[in-house]
Amino acid sequence: MISQFETLLFVWGGTALFVAFLLYFVMTGTTVSSSVATDIYTTMAQNVQQAGTTTDHEYVPDSGGVTLVAGGREFDPMGEQLLRTHDDLATAETVGTQLSVLVDVLVNDLELATRATATTDDERATVTVIGSRIGTTELFDHPVASVIGVGLAHGLGVPVTVETSREDGNLVVGVNFTTSE
């Protein structure tokens with residue numbers, strides 16, 4: 001006769017087999033940890049910087065989107081790819097509204113940060129990112145900075161320069177722009 005304990009073990013075993021079977025078919029590809037991806041990206045960024053680019057990053061809007069200009073050379077910004085499905089970015093009426101949408105995209109859609117806040121004045125905005133998923137500020141086209149730079153360049157229709165730094169363990173993105181508001 002089978003005891004209740006043996007029945008419970010049998011059910012747990014069956015459940016474990018079902019979960020293993022399900023995971024086998026759901027997880028079809030391999031994954032890379034965020035620390036490995038960050039290490040790869042950091043090395044690539046250092047190679048780009050050694051090739052003659054500087055740390056000044058200007059996101060310039062043009063008819064085809066936004067171009068990253070660094071060290072006199074033009075690059076395709078990462079933010080352009082990350083924001084490709086966000087049509088609501090072009091509809092913002094003010095810098096504050098545009099930043100609010102970008103912060104929401106960073107936290108809720110792209111999940112690049114746990115939380116972010118933005119402040120703005122006449123020609124400068126500051127975005128403080130808490131819990132950034134990308135750990136270093138030394139990246140060539142930091143994904144968070146790129147999303148903010150590309151989003152503001154699209155929304156404002158003017159070139160913006162972006163600088164990243166670390167303050168109190170948080171990523172701080174400073175953006176300079178000139179608008180006609």
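In what sense do β2 and strand β3, residues 73-75, pair, and over how many bridges? Before I answer, let me say that what we are looking at is a predicted model. The two strands pair in the antiparallel sense, and they do so over 3 bridges. One pair to look at is A70, whose bridge partner in β3 is R73. The hairpin that β2 and β3 make has 2 residues between the strands, and within this hairpin G71 takes a positive phi near 60°.

Going back along the chain, strand β1, residues 57-62, also pairs with β2 in the antiparallel sense, here over 5 bridges. β1 and β2 form a hairpin as well, with 2 residues between them, and the bridge partner of E58 in β2 is V69. As for β2 itself, which covers residues 65-70, 5 of its 6 residues are buried, so this strand is largely enclosed by the rest of the structure.

Let me turn now to the helices, starting with α4. This helix has 15 residues and reaches 20 Å from its first C-alpha to its last, which is close to the 21 Å expected at 1.5 Å a residue. Its buried residues are V95, Q98, L99, V101, L102, V103, V105, L106 and V107, and what covers them includes β4 (115-120), β5 (124-130) and α5. After α4 comes E111, with a positive phi near 55°.

For α5, the 14 residues should span 20 Å at 1.5 Å a residue, and the end C-alpha atoms are indeed 20 Å apart, so the two values agree. The helix is mostly covered, with 12 of its 14 residues buried; among them are P143, S146, I148, G149 and L156. Just after α5, G157 takes a positive phi of about 75°.

How, then, do these two helices meet? Helix α4, residues 95-109, and helix α5, residues 143-156, pack at an angle of about 145°, and their axes lie 10 Å apart. The crossing of α4 and α5 is right-handed. On the α4 side the contact is made by V95, Q98, L99, L102 and L106, which meet V144, V147, I148, G151, L152, G155 and L156 of α5. Sorted by class, this contact of α4 with α5 has 9 nonpolar residues, 3 polar ones and no charged residues. On the α4 side, V95, Q98, L99, L102 and L106 also appear among the buried residues of that helix.

Conventions. Residues are numbered from 1 along each chain as its sequence is written. This is a predicted model: local features need pLDDT of at least 70, side-chain atom pairs count only at pLDDT 80 or more; totals for chains, interfaces and linings use all residues. Side-chain values use heavy atoms; hydrogens and water are left out. Axes are lines fitted to C-alpha atoms, for helices over the stretch in contact, and angles run from 0 to 180 degrees between N-to-C directions. Helices (H or I, at least four residues) and strands (E, at least two) are DSSP runs, numbered from the N terminus. A crossing is left-handed if the near helix is turned anticlockwise from the far one by less than a right angle, and right-handed if clockwise. Contact means heavy atoms within 4.5 Å. Ala, Val, Leu, Ile, Met, Phe, Trp, Tyr, Cys and Pro count as nonpolar, Asp, Glu, Lys and Arg as charged, and the others, Gly among them, as polar. The expected span of a helix is 1.5 Å times one less than its number of residues. Buried means under 20% relative accessible area, exposed over 50%, partly exposed in between (1.4 Å probe, protein chains only). Two strands pair if DSSP finds at least two bridges between them.
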